[in-house]
Amino acid sequence: MDERIARFIIREHIMHIAIREDEGVYNASCFYAFDRKNLALIFKSDPASHHIMLAKVWPYVGISIAKNTRIIKRIQGLQAKGFFTQASDEQKQQYYETYPFGRAIKGQVYALEILWCKYTDNSLLRLKKLEYQKQRSKDV
């Protein structure tokens, strides 16, 4: 993953996820921590919430992260595809280091492994967007 993409993900803190449901798509917003080693977004949510129940059925989700600005030349954002899973113990620890108050909130910690992403940064004045595609294992 390009370092500029990783730096953007680290600077931001809210992601929007889109999960398939029978009637279309359901959206949710969550605070996240970035697991740089495993290229995953870690978040906490109630296991009974609608978005978690849907993600357990349809684990491939859409993700977006955007810088909050109205100035066109400062627009930055990430579109991504991720795979939903339970967070590892190491990821849980990382989440609570980022959000200590999270221990007081009901829920479980989950991870979204980034499979593909496209990063837009209008300050770079590029026509081409930066992309990342996870390499598939030969064993899969």
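**Figure 1. Strand E1 and strand E5 pair in the antiparallel sense in this predicted model.** Three bridges join E1 to strand E5, which spans residues 60–66. Take isoleucine 17 as a starting point: its bridge partner in E5 is isoleucine 63. Ile63 also turns up in the next few views, since it is listed among the residues with the most contacts inside the largest nonpolar core.

**Figure 2. Strand E1 forms a hairpin with strand E2.** Here we stay with E1 and turn to its partner E2, residues 24–31. The two strands run antiparallel and are paired over eight bridges, with two residues between them. Glutamate 21 of this hairpin stands opposite glycine 24 in E2.

**Figure 3. Side chains alternate along strand E1, residues 14–21.** In a regular strand, side chains alternate between the two faces of the sheet. What points to each face of E1? On one face sit Met15, Ile17, Ile19 and Glu21, which are buried. Ile14, His16, Ala18 and Arg20 point to the other face and are not buried. Please notice Glu21 in this view, a glutamate on the buried face.

**Figure 4. Methionine 15 and the largest nonpolar core.** Nonpolar side chains in soluble globular proteins tend to be buried together. The largest core in this model has 30 residues, and Met15, Leu41, Ile63, Leu78 and Leu112 have the most contacts inside it. Strand E7, residues 108–121, gives the most to this core, contributing five residues. Which residues does methionine 15 touch, if neighbours within four places in sequence are left aside? Its contacts are Ala28, Ser29, Cys30, Tyr32, Leu41, Phe43, Ile63, Ser64, Ile65 and Leu112. Leu41, Ile63 and Leu112 in that list are also named among the residues with the most contacts inside the core.

**Figure 5. Another nonpolar core lies apart from the largest one.** This core has nine residues. Ala40, Ile42, Tyr96 and Val109 are among them.

**Figure 6. Arginine 36 meets glutamate 3 in a salt bridge.** Five salt bridges are found in a search of the whole structure, and this view shows one of them. N and O are 2.4 Å apart in this pair. The two residues come from distant parts of the chain, 33 residues apart: arginine 36 belongs to the loop between strand E3 (33–35) and strand E4 (40–45), while glutamate 3 is in helix H1, residues 3–11. Arginine 36 counts as partly exposed because its relative accessibility is 37%. Glutamate 3, also at 37%, counts as partly exposed.

**Figure 7. Lysine 37 forms a salt bridge with glutamate 90.** The closest N and O atoms of this pair are 3.2 Å apart. Lysine 37 lies in the loop between E3 and E4 and glutamate 90 in helix H3 (residues 89–98), so the bridge ties together parts that are 53 residues apart in sequence. Is lysine 37 buried or exposed? With 62% relative accessibility, lysine 37 counts as exposed, whereas glutamate 90 is partly exposed at 47%.

**Figure 8. Aspartate 46 forms a salt bridge with lysine 106.** Here the closest N and O atoms are 3.5 Å apart. Aspartate 46 lies in the loop between E4 and helix H2 (50–57) and lysine 106 in the loop between H3 and E7, so parts 60 residues apart in sequence are tied together. Aspartate 46 is partly exposed at 25% relative accessibility, while lysine 106 is exposed at 66%.

**Figure 9. Leucine 39 has a positive phi.** Most residues other than glycine have a negative phi. Leucine 39, however, has a phi near 50°. This residue sits in the loop between E3 and E4. Leucine 39 counts as buried because its relative accessibility is 17%, under the 20% cut-off.

**Figure 10. Surroundings of threonine 120 and lysine 134.** Threonine 120 lies in strand E7 and is buried, with a relative accessible area of 16%. Beyond its neighbours within four places in sequence, threonine 120 contacts Ile75, Gln76, Gly77 and Lys129. Lysine 134 is found in the segment after strand E8 (130–133) and counts as partly exposed at 33%. With the same neighbours within four places left aside, lysine 134 is in contact with Glu113, Ile114 and Leu115. The C-alpha atoms of lysine 134 and glycine 77 are separated by 19 Å, the two residues being 57 apart along the chain.

Notes:
Residues numbered from 1 in each chain as written. Predicted model: local features only at pLDDT ≥ 70, side-chain atom pairs only at ≥ 80, totals over all residues. Heavy atoms only, no water. Core = buried A, V, L, I, M, F, W, Y, C linked by side-chain atoms within 4.5 Å. Buried < 20%, exposed > 50% of the residue type's maximum accessible area, 1.4 Å probe, protein only. Helix = DSSP H or I, 4+ residues; strand = E, 2+ residues; numbered from the N terminus. Contact = heavy atoms within 4.5 Å. Salt bridge = Lys/Arg side-chain N within 4 Å of Asp/Glu carboxyl O. Pairing = 2+ DSSP bridges.
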